[in-house]
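Biologist: I have a structure open on my screen and would like to learn how to read it. Could you walk me through it?

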Amino acid sequence: MQTNYHGYSHAYGINFWTFEWCPKYRYKIFRKTYYKNLYTICLMEAAKRHQISFHELNVQPDHIHGVATLPRTMSISRAEQLLKGFASYLFFRLAPEMRLRYPK
């Protein structure tokens, strides 16, 4: 993994964060390759929309791991909220049959 340092007004470096989260009730909804790839694309779109760059991303059947660089003004909790929210919004729009898994 190549690191490109960024210069700021009073600092010079890079900001790596590790993300991990699982679907509701830890259902194994990413068992099929189609859903796994679709969620990866949704996460990349969410990251691009909010200027977050993923260095590593791994979607397992029941959880997601990622290493990302965030903008300096964004907190880790806000980044996770934005990523999870927009990615799941896109995922359920593109795969409405998955909504049947979560009836409410």
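Biologist: How much space lies in the largest pocket?

Modeller: This is a predicted model, and in it the largest pocket holds about 340 Å³ of space.

Biologist: Which residues lie nearest the centre of that pocket?

Modeller: Look for Pro23, Lys24, Ser88, Phe92 and Tyr102, which lie nearest the centre among the 17 residues of the lining. Helix α2, residues 76-94, gives the most to that lining, with four residues.

Biologist: And how do the lining residues divide into nonpolar, polar and charged?

Modeller: Twelve of the lining residues are nonpolar, four are charged and one is polar.

Biologist: Let's turn to the overall layout. How many helices and strands are there in the chain?

Modeller: You will find five strands and two helices. Starting at the N terminus, the order is β-β-β-α-β-β-α. As for dimensions, the C-alpha trace spans about 50 × 25 × 20 Å along its principal axes.

Biologist: How should I describe two packed helices?

Modeller: Two numbers do the job: the angle between the axes and the distance between them. Here, the axes of α1 and α2 come within 8 Å, crossing at roughly 135 degrees. The two helices, α1 and α2, are therefore oblique to each other.

Biologist: What is the handedness of the crossing where α1 passes α2?

Modeller: The crossing of α1 past α2 is right-handed.

Biologist: Now for confidence. Which elements have the lowest and the highest mean pLDDT?

Modeller: The general advice is not to read predicted coordinates in detail where pLDDT is low. In this chain the mean pLDDT is 89, and 96% of the residues reach 70 or more. Among the elements, strand β1 (residues 6-7) has the lowest mean, 72, while helix α1 (residues 33-49) has the highest, 96.

Terms used. Residues are numbered from 1 along each chain as its sequence is written. This is a predicted model: local features need pLDDT of at least 70, side-chain atom pairs count only at pLDDT 80 or more; totals for chains, interfaces and linings use all residues. Side-chain values use heavy atoms; hydrogens and water are left out. pLDDT is the predictor's confidence in each residue, from 0 to 100. On a 1 Å grid over the protein atoms alone, a cavity is a set of points where a 1.4 Å probe fits but cannot get out, and a pocket is an open set with protein on both sides within 12 Å along at least five of seven lines; lining residues have an atom within 4 Å of a point. Grid points are joined across faces, edges and corners, and a volume is the space filled by probe spheres set on the points. Ala, Val, Leu, Ile, Met, Phe, Trp, Tyr, Cys and Pro count as nonpolar, Asp, Glu, Lys and Arg as charged, and the others, Gly among them, as polar. Axes are lines fitted to C-alpha atoms, for helices over the stretch in contact, and angles run from 0 to 180 degrees between N-to-C directions. Angles under 35 degrees count as roughly parallel, over 145 as roughly antiparallel, 65 to 115 as roughly perpendicular and the rest as oblique. A crossing is left-handed if the near helix is turned anticlockwise from the far one by less than a right angle, and right-handed if clockwise.
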